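Reader: Before accepting any label attached to this model, I would like to see the value and the criterion behind it. Could we go through the labels one by one?

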Protein chains: 2
Amino acid sequence: MAERTRAARVRTNDPGGLRRRLVDAAFEAFATRGYHATSVHDLKRAAGATGGALAHHFPSKKDLGLAVLQDRVADAVEETWIRPVLSARTAADGISAVFTRIADELDRQGCVSGCPLSNLALELSRHDDDFRRLIDAVFVRWRAAVAEKIRTDQEAGLLEGLDPEAFATLVVASYSGAMAMAKAAQDAQALRICAEELSRAMQPRSASLR
Amino acid sequence: MAERTRAARVRTNDPGGLRRRLVDAAFEAFATRGYHATSVHDLKRAAGATGGALAHHFPSKKDLGLAVLQDRVADAVEETWIRPVLSARTAADGISAVFTRIADELDRQGCVSGCPLSNLALELSRHDDDFRRLIDAVFVRWRAAVAEKIRTDQEAGLLEGLDPEAFATLVVASYSGAMAMAKAAQDAQALRICAEELSRAMQPRSASLR
DNA sequence: TCGCGAACAGGATAAGCGTCCTGTTTGGGG
DNA sequence: CCCCAAACAGGACGCTTATCCTGTTCGCGA
């Protein structure tokens, strides 16, 4: 049943590489177009894989989705949010910088696809509980990292008067929601505004005008 | 081709009623399961309509989606957010009350389906520009109403030191994002936390601990 | 009362979907 | 070198999808 008429039959088994290409293609597609709006045929074409190969690595579309969440979405949050914030001078600096950097990137690439985690969260949380658990775990990790940085600042005397966990929740919620508005407006301004307002909310409570 | 074997053929033309039932069913389904995850067959069954009737009122699924946004989502935001906030004593009261009321409702009904507008925003904004424009318009209206209430408070001397438009953006973003987290956690706590943090951020900047 | 357009019934249709199956190729361990 | 499990090819399969078509029924205006 294999192809024989084509000139050179050159195939090399590369399980790790093909698997990675499939998850990459799925991450890209799920994050931009959505899980249900993406067909497995699209993914096969994007990754240059055949049905047999896909079925071998991922028996079902759901398995691919779970792999995307574990192998890509979690890392994306780690790279774009957690590491920059933790390595910044202060929590306020880090949070503001992340908002600004992402807004700049969106302007540069000219379109807003939204936060991959939020996109999948809204689409899949109620669809399947396995998805929901993974998504929630990423949100928990995200909030915990921001809260940790805030607490570190407080212990160093750089910040006062905030509940670390609560404010971290506000930060993550603001980002997620601002990205939703940015996606609807196709304009990153909402992100910059929220960054500014969060900075204001973090300032120590002394008499100062704007 | 019509049914003749069935006992009593009782049909009454009710264009307005059937149309409303279709849009209701679509709103319910799109808001909870999502647009792409809902088939038109599901909608026909939920509304008790036949293919011919659906096609008569809505030539395509997209037409139904646009009607849902115009006739239901916009009103839902008006009812659950804009009117309560505008009619509250102060902006701070209104915002806090809406967060709390919705959190209570979610606890009572035991599951979190999320904000209909945000759900559709993330799923459809990049899918189709007609959807995107309608969604953005609702966000704009939403933010403007909250900003208006804040400005009214300021003019009455009840509030100071806030940029109305900017803070309204933070409020809407926080709600949208907190609802996303609540959906992933299936727990309304994120909403209560954000309400509390927004209240703190609205307090005049005097020396007071928590 | 009657006619005509709007409202609706019910299925046809073609394309697309996710999954699975059989067969072939690869490459590392014995 | 050989062999066998893993890796992959390619398509069949059954089901669902959204749309559309023809035919029937309703109900308002005249």
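Reader: What share of the atoms of DNA strand C within 4 Å of the protein belongs to sugar or phosphate, and what share to bases?

Author: In this predicted model, 77% of the atoms of DNA strand C that lie within 4 Å of the protein belong to sugar or phosphate, and the rest belong to bases.

Reader: How do you know which residues surround DNA strand C?

Author: A residue is counted as near a strand if one of its heavy atoms lies within 4 Å of it. There are 26 residues surrounding DNA strand C, and the closest are A:Val40, B:Asp14, B:Thr50, B:His56 and B:His57.

Reader: What makes the approach of B:Thr50 to a phosphate oxygen of DNA strand C a polar contact?

Author: The cut-off for a pair of N or O atoms is 3.5 Å. A polar side-chain atom of B:Thr50 lies 2.4 Å from a phosphate oxygen of DNA strand C, so this pair qualifies as a polar contact. For B:His56, an N or O atom in the side chain is 2.5 Å from a phosphate oxygen of that strand, while for B:His57 the distance from a polar side-chain atom to a phosphate oxygen is 2.6 Å.

Reader: Which helix gives the most to the surface near DNA strand C, and how do the residues of that surface divide by class?

Author: Helix 3 of chain B gives the most, with 5 residues, and both helix 1 (15–32) and helix 3 (51–57) of chain B supply at least two residues each. By class, the surface near DNA strand C has 7 nonpolar, 12 polar and 7 charged residues.

Reader: What polar contacts are there with the phosphate oxygens of DNA strand D?

Author: A polar side-chain atom of A:His56 lies 2.5 Å from a phosphate oxygen of DNA strand D, and one of A:His57 lies 2.6 Å from a phosphate oxygen. With B:Val40 a polar backbone atom takes part, at 2.6 Å from a phosphate oxygen of DNA strand D. Of the atoms of this strand within 4 Å of the protein, 83% belong to sugar or phosphate, and the largest share of the surface near the strand, 5 residues, comes from helix 3 of chain A.

Reader: Why is B:Ser125 called buried?

Author: The term buried requires a relative accessible area under 20%. The relative accessible area of B:Ser125 is 3%, so B:Ser125 is buried. B:Ser125 is placed in the loop between helix 6 (116–124) and helix 7 of chain B, and its contacts beyond four places in sequence are A:Lys183, A:Ala184, B:Leu120, B:Arg132 and B:Ile135. A polar atom of the side chain of B:Ser125 also lies 2.7 Å from the backbone oxygen of B:Ala121.

Reader: How do you know that helix 5 and helix 7 of chain B are in contact, and which residues make the contact?

Author: The axes of helix 5 (residues 91–109) and helix 7 (residues 129–155) of chain B come within 9 Å and cross at roughly 145°. The contact is made by B:Ala91, B:Ala92 and B:Ile95 of helix 5 and by B:Val146, B:Lys149, B:Ile150 and B:Asp153 of helix 7, where contact means heavy atoms within 4.5 Å. The residues of this contact divide into 5 nonpolar, no polar and 2 charged.

Definitions and conventions:
Residues are numbered from 1 along each chain as its sequence is written. Chains are lettered from A and ligands numbered from 1 in the order in which they are written. This is a predicted model: local features need pLDDT of at least 70, side-chain atom pairs count only at pLDDT 80 or more; totals for chains, interfaces and linings use all residues. Side-chain values use heavy atoms; hydrogens and water are left out. A polar contact is a pair of N or O atoms within 3.5 Å; within protein, one must be able to donate a hydrogen and the other to accept it, and residues adjacent in sequence count only if both atoms are side-chain atoms. Helices (H or I, at least four residues) and strands (E, at least two) are DSSP runs, numbered from the N terminus. Axes are lines fitted to C-alpha atoms, for helices over the stretch in contact, and angles run from 0 to 180 degrees between N-to-C directions. Ala, Val, Leu, Ile, Met, Phe, Trp, Tyr, Cys and Pro count as nonpolar, Asp, Glu, Lys and Arg as charged, and the others, Gly among them, as polar. Buried means under 20% relative accessible area, exposed over 50%, partly exposed in between (1.4 Å probe, protein chains only).
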